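Trainee: Hi, do you have a moment to go through a structure with me? I'd like to start with the helices and then look at some loops.

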Amino acid sequence: MKRLLTTLALVVPMQVFAGAHALYDFESRSYVLRDNENEVRPIASITKLITAVTVISSGVDLDEAVKVNGKSSGHVPKGVMMTRRDLLRAMLISSDNRAAETLANHHPGGHLAYIADANYWLDSNRLWKTSVVDSSGLMPGNVSTVKDLIELLSLIKDNAVIRSIAGEREAKVKAPAGKKIITVNLHNTNPEIFTYDNILISKTGFTNPAGRCVLMLVEKGRELFGVVVLGQKNVRERSKLVKELLSVEREPIARPRLKTVIFDFDYISIDETPSK
């Protein structure tokens, strides 16, 4: 039985974390804890969530098979035919760079059109400190802020396709290769998803400029929380910070009290005298 994420309640402890990070309560629309939330930083493979929403928003057939191509490395082999839906799974679960590049290459209008559409979607949704220069996040020009990433999570948290994929621990995708059918095993890159049961969306990221990053949507007691961690030096430090953020206690939401008004009808009189 996996553990649920630590209960969130009552008071924020006086502790300062290094780097940029946040814990956000979507119910109250407020931060429980935040640090450097407006600092623009590289986001590495968190970019792939932007790629996913750009592909889905384009209206392409996700069940159409396209040819895997590109210069990036990945577990999905070049030359095979794979559906966009399975490429999304490879990209979001195991952070496959070749899957991300293939999706951009087969975007309506091609790779450059993908870049334009991704940035247009960001601008249209007021994510003005977020920029995309490639579909996988390998380049340092893929940048954002903690605040923008919380807003990104808000925009995609109800997306059925992303929700059905980005919380999976493991998966298998199949593709024809000549006369054979190959199976690609996908393993989620976020160790936290194997520890806790209530992570609904998860995407890790790593490049040398970005450090270790993660963006998560977490459910606790029917409430949704956003977790962002950027710029950690290794996975262990990132996991430690995630655990500390999720153990932060928050003040309960103030609920207005209803006043009870009692009417005593024995003291109500009706003047039936006609007005003059």
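Mentor: Happy to; we'll take the helix packing and then a few loop residues, bearing in mind that this is a predicted model.

Trainee: Great. At what angle do H1 and H2 pack, and how far apart are their axes?

Mentor: H1 covers residues 47-57 and H2 covers residues 84-93; they pack at an angle of about 165 degrees, with the axes 10 Å apart.

Trainee: What does that make them, roughly parallel or roughly antiparallel?

Mentor: Roughly antiparallel. Angles over 145 degrees count that way, so H1 and H2 qualify.

Trainee: And is the crossing left-handed or right-handed?

Mentor: Left-handed, as H1 passes H2.

Trainee: Which residues make the contact?

Mentor: From H1, Lys48, Leu49, Thr51, Ala52, Val55 and Ile56 take part, and they meet Arg84, Leu88, Met91 and Leu92 of H2. By character, the residues of this contact are seven nonpolar, one polar and two charged.

Trainee: Why would residues three or four places apart turn up on one side of a helix?

Mentor: An α-helix has 3.6 residues a turn, so residues three or four places apart point the same way.

Trainee: OK, next pair. How do H2 and H3 cross?

Mentor: H3 is residues 97-105, and its axis comes within 8 Å of the axis of H2, crossing at roughly 140 degrees. That angle is not over 145 degrees, the cut-off for roughly antiparallel, so H2 and H3 are oblique to each other. Their crossing is left-handed.

Trainee: Who is involved there on each side?

Mentor: H2 contributes Arg84, Leu87, Leu88, Ala90 and Met91, while H3 contributes Ala99, Ala100, Thr102 and Leu103. This set divides into seven nonpolar, one polar and one charged.

Trainee: How many residues of H1 and of H2 are buried?

Mentor: In H1, ten of the eleven residues are buried. They include Thr47, Ile50, Val53 and Thr54. H2 is also mostly covered, with eight of its ten residues buried; among them are Asp86 and Ile93.

Trainee: What happens to the backbone just after each of those helices?

Mentor: Gly59, just after H1, takes a positive phi of about 85 degrees. Following H2 there is Ser95, and its phi is positive too, near 55 degrees.

Trainee: Which residues in the loops have a positive phi without being glycine?

Mentor: Asn36 is one of them, with phi of about 55 degrees. It sits in the loop between strands E2 and E3. Arg126 is another, with phi near 65 degrees, and its loop runs between helix H4 and strand E6.

Trainee: Are those two buried or exposed?

Mentor: Asn36 is partly exposed, at a relative accessible area of 37%. Arg126 is exposed, with a value of 59%.

Trainee: Changing topic, where is Asn198?

Mentor: Asn198 is in the loop between strand E8 (180-187) and strand E9 (199-207).

Trainee: Is that one buried or exposed?

Mentor: Buried: the relative accessible area of Asn198 is 6%, and buried means under 20%.

Trainee: And what does the side chain of Asn198 have 2.5 Å from one of its polar atoms?

Mentor: The backbone oxygen of Glu219 lies at that distance from a polar atom of the Asn198 side chain.

Trainee: Thanks, that's a good set of places to look at.

Note on methods:
Residues are numbered from 1 along each chain as its sequence is written. This is a predicted model: local features need pLDDT of at least 70, side-chain atom pairs count only at pLDDT 80 or more; totals for chains, interfaces and linings use all residues. Side-chain values use heavy atoms; hydrogens and water are left out. Axes are lines fitted to C-alpha atoms, for helices over the stretch in contact, and angles run from 0 to 180 degrees between N-to-C directions. Helices (H or I, at least four residues) and strands (E, at least two) are DSSP runs, numbered from the N terminus. Angles under 35 degrees count as roughly parallel, over 145 as roughly antiparallel, 65 to 115 as roughly perpendicular and the rest as oblique. A crossing is left-handed if the near helix is turned anticlockwise from the far one by less than a right angle, and right-handed if clockwise. Contact means heavy atoms within 4.5 Å. Ala, Val, Leu, Ile, Met, Phe, Trp, Tyr, Cys and Pro count as nonpolar, Asp, Glu, Lys and Arg as charged, and the others, Gly among them, as polar. Buried means under 20% relative accessible area, exposed over 50%, partly exposed in between (1.4 Å probe, protein chains only). A polar contact is a pair of N or O atoms within 3.5 Å; within protein, one must be able to donate a hydrogen and the other to accept it, and residues adjacent in sequence count only if both atoms are side-chain atoms.
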